[in-house]
Amino acid sequence: MRYLSTRGGAVVGNSLNADFTDILLGGLAADGGLAMPEHIPTVDSETLNGWRSLSYASLAFEVLQRFATDIPLHTLQSLIDRSYTAESFGSPAIAPLATLEPGLHLLKLSEGPTLAFKDMAMQLLGNLFEWVLAERGQVLNILGATSGDTGSAAEYAMRGKQGVRVVMLSPVGRMSPFQTAQMFSLLDDNIVNVAVDGVFDTCQDLVKAVSNDAPFKARWSIGTVNSINWARVVAQVVYYVHGWLRATDALDAPGPVSFAVPSGNFGNVLAGHLARRMGVPIARLVVATNENDVLDEFFRTGRYAPRSAVRTWQTSSPSMDISKASNFERFVFDLFEGDGAKVAELWQTLDKTGQFDLGGTAAFARAATEFGFVSGRSSHAERLATIRSAFTRYGVAVDPHTADGLNIAERWREAGVPMVVLETAQPAKFAQTMVEALGVEPARPTAHVGIENRAQRFVRMPADLTQLKALIVQRCG
Ligand SMILES: *Cc1c(COP(=O)(O)O)cnc(C)c1O
């Protein structure tokens with residue numbers, strides 16, 4: 001399988017196409033676009049139904065081997081087997097499907113080590129990275145900024161891995177005590193937590209400043225694991241296939257299923273779109289946003305207008321507080337049937353004017369008619385009301401992000417089509433909002449009880465580029 005850039009230019013170096021392992025460690029394509037496969041592999045319904053008896057890991061192997069064609073099959077199999085274990089994900093099901101009422105299900109994607117769905121892709125990414133670095137005799141120093149979920153998922157995936165080090169910046173005092181403890185209690189030598197005086201944007205600006213120093217970046221092998229990483233997207237395709245299989249296991253004639261997806265950077269729902277294009281019978285893909293409704297605006301009107309930092313609200317579903325949806329370009333590439341020149345032109349308009357508008361075009365119409373996309377936006381009050389009603393009606397506590405998904409899902413249910421809401425985090429991670437909604441502290445999985453009392457290790461630092469670079473030189477040599 002070859003990969004191209006969404007902007008039609010070079011994907012890696014000067015080359016117009018590349019293999020899976022060539023793009024595995026990279027971020028943006030060389031021309032500023034994102035890597036996409038030159039075609040989407042399809043599976044027929046007989047093959048799909050034949051996967052019902054497979055374990056999650058074996059299903060992942062079936063999906064991934066179609067995208068990662070340059071990894072030897074036995075290697076791929078063993079990397080996957082090591083990633084999706086009952087030990088890491090709490091049960092052999094890995095991502096259990098819970099039925100709330102007939103036709104309405106919750107796909108539990110947050111059973112991994114950091115209690116958020118990012119573990120589903122990141123655990124595999126850790127093993128893929130370790131393998132490809134050893135193959136190529138390289139090392140990688142991952143530099144990142146986090147406000148919570150991504151940083152911890154990356155650290156738990158990379159801890160103890162050969163050839164990989166993580167330097168993760170977080171704003172002092174801005175994460176919840178639980179999130180802080182989750183990250184800072186990791187004492188592995190290859191994990192470096194840096195608590196920066198400032199806010200999340202301060203951290204992100206520092207990361208950008210280091211990345212903009214190309215010689216420094218190359219000398220110290222600095223890379224990232226952000227949500228545009230292609231392997232992360234592909235790993236997420238697996239749970240849509242798994243979700244469809246589990247939601248239709250008991251049906252005589254398995255038909256289409258809809259998915260509701262709490263969305264921010266558009267990585268999760270993009271994976272659903274790819275699953276649909278592979279041939280998984282998906283009726284609707286419901287994009288659920290919070291008050292930061294850039295994506296809802298697009299799917300309602302065709303206008304894509306990323307927000308500035310000051311117009312990006314802090315909400316009670318913080319992992320969806322994004323100003324622009326970094327994976328969205330991959331979807332637009334599909335709307336224009338792979339026309340890279342058109343995508344490049346749109347992103348030029350975006351850079352110049354801060355927006356583009358596809359309203360009324362045939363390309364935009366395809367989002368709903370051909371690809372099944374619908375959307376909705378949820379407010380803080382609706383989020384709390386949904387947490388309460390789910391608790392009363394089903395006896396289930398859902399986290400604030402999942403509540404956004406469930407709230408919007410209710411608007412788009414159709415008779416005879418099962419709706420699967422993706423659970424993207426466990427309530428224990430967002431205790432404050434859960435207390436506000438239900439009046440009681442959320443239950444915590446036993447492994448996480450008392451983590452605030454564990455020894456913590458981190459480096460405290462002012463927002464100073466020189467000091468950050470000195471730390472990198474000291475720790476990444
Ligand atoms: C990252 C995250 C999201 C958003 O996922 P995207 O792939 O960025 O759209 C939603 N919920 C939780 C809990 C997350 O951590």
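**Exercise 1. Describe the ligand shell by residue class and find its closest members.**

Let's start with the classes: the shell around the ligand holds five nonpolar, eight polar and two charged residues. Here Ala, Val, Leu, Ile, Met, Phe, Trp, Tyr, Cys and Pro count as nonpolar, Asp, Glu, Lys and Arg as charged, and the others, Gly among them, as polar. Next, the members: 15 residues surround the ligand, each having a heavy atom within 4 Å of it. The closest are Lys118, Asp149, Gly264, Asn265 and Asn268.

A word on the model: it is predicted, with local features needing pLDDT of at least 70 and side-chain atom pairs pLDDT 80 or more, while totals for chains, interfaces and linings use all residues. Residues are numbered from 1 along each chain as its sequence is written, and side-chain values use heavy atoms, leaving out hydrogens and water.

**Exercise 2. Which atoms of Asn265, Gly267 and Thr424 face polar ligand atoms?**

Take the ligand oxygens: a backbone N or O atom of Asn265 is 2.7 Å from one oxygen atom, and a polar backbone atom of Gly267 lies 3.2 Å from a ligand oxygen. Then turn to nitrogen: a side-chain N or O atom of Thr424 sits 3.0 Å from a nitrogen atom of the ligand. Finally, the cover: alone, the ligand exposes 380 Å², and the protein buries 97% of that (Shrake-Rupley method, 1.4 Å probe).

**Exercise 3. Describe the contact between domain 1 and domain 2.**

First, the bounds: domain 1 is 95–113 + 230–438 and domain 2 is 119–226 + 445–477, from an automatic or database domain assignment. The contact (heavy atoms within 4.5 Å) takes 16 residues from domain 1 and 22 residues from domain 2.

Now the area: the two domains bury about 1,400 Å² between them, 61% of it on carbon and sulfur atoms; this is accessible area (1.4 Å probe) lost on being put together, summed over both. On the side of domain 1, Pro113, Arg232 and Lys429 lose the most area to domain 2, together 50% of what that side buries.

Note on methods:
Polar contact = N/O pair within 3.5 Å; in protein donor to acceptor, adjacent residues only side chain to side chain.
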